[in-house]
Amino acid sequence: MFVLELTHTAPLDAVDALLDAHVAWLDQHFEKGVFLAAGPKNPRDGGIILAAVEGREQAEEIAAGDPFSTGGVCTYRITEFAATKTAPALDGYRETLG
């Protein structure tokens with residue numbers, strides 16, 4: 001499981017110019033079952049995506065394909081974690097350590 005944290009590196013008008021493409025990109029990954037949750041941070045200086053992918057390389061590849069990344073309006077911080085506790089709806093993503 002990975003947390004993809006976006007931080008805007010450009011003014012919001014530049015971010016907003018790419019927002020429709022970014023949302024289409026998000027939708028594509030939700031349809032594939034890769035993204036579990038996503039949304040803007042408050043204050044709106046970036047966003048958070050919760051992703052279930054095979055490894056860091058795949059997470060980095062996905063982040064690099066974001067129109068916000070290719071458009072140069074954000075950077076990504078990618079954090080891997082073990083989801084050892086989940087809500088019942090996320091039982092299929094629960095991990096065990098060991």
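**Exercise 1. Which residues lie nearest the centre of the largest pocket, and how many residues line the pocket?**

Some ground rules come before the solution. The model is predicted: local features need pLDDT of at least 70, side-chain atom pairs count only at pLDDT 80 or more, and totals for chains, interfaces and linings use all residues. Residues are numbered from 1 along each chain as its sequence is written, and side-chain values use heavy atoms, with hydrogens and water left out.

Step 1. Fix the term. On a 1 Å grid over the protein atoms alone, a pocket is an open set of points where a 1.4 Å probe fits, with protein on both sides within 12 Å along at least five of seven lines; lining residues have an atom within 4 Å of a point.

Step 2. Read the lining. It holds 15 residues, and Leu19, His22, Gly39, Pro40 and Phe68 lie nearest the centre.

Step 3. Trace the sources. β1, α2, β2 and β3 each give at least two lining residues. The largest share, 4 residues, is from β3. Helices (H or I, at least four residues) and strands (E, at least two) are DSSP runs, numbered from the N terminus.

Step 4. Sort by type. The lining has 9 nonpolar, 5 polar and 1 charged residues. Here Gly counts as polar, and Asp, Glu, Lys and Arg as charged.

**Exercise 2. Place His22: is His22 buried or exposed?**

Step 1. His22 sits in helix α2.

Step 2. Its relative accessible area is 8%, so His22 is buried. The cut-offs are under 20% for buried and over 50% for exposed, with partly exposed in between (1.4 Å probe, protein chains only).

Step 3. Leaving out residues up to four places away in sequence, His22 touches Leu6, Asp66, Pro67 and Phe68. Contact means heavy atoms within 4.5 Å.

**Exercise 3. Find the buried side of α3.**

Step 1. Helix α3 covers residues 56-64, and Ala59, Ile62 and Ala63 are buried there.

Step 2. These residues span an arc of only 100° around the axis, which puts them on the same side of α3. The arc is that of the directions from the helix axis to the C-beta atoms.

Step 3. Check the other side: Glu57 and Glu61 are exposed.

Step 4. List the cover. The elements over the buried residues include β1 (2-8), α2 (19-31), β2 (35-40), α4 (67-70) and β4 (74-80).

**Exercise 4. Work out the faces and partners of β1.**

Step 1. In a regular strand the side chains alternate between the two faces of the sheet.

Step 2. Apply this to β1. Phe2, Leu4, Leu6 and His8 point to one face and are buried; Val3, Glu5 and Thr7 point to the other and are not.

Step 3. Pair the strand. Two strands pair if DSSP finds at least two bridges between them. β1 runs antiparallel to β3 (residues 46-51), with 6 bridges. β1 also runs antiparallel to β4, with 7 bridges.

Step 4. Name partners. Val3 bridges to Leu50 in β3, and Leu4 to Ile78 in β4.

**Exercise 5. Locate the cis peptide bond.**

Step 1. β2 and β3 form a hairpin with 5 residues between them. The two strands are antiparallel, joined by 5 bridges.

Step 2. Pro43 lies in the loop between β2 and β3.

Step 3. The cis bond joins Asn42 and Pro43, with omega about 10°. Most peptide bonds are trans.
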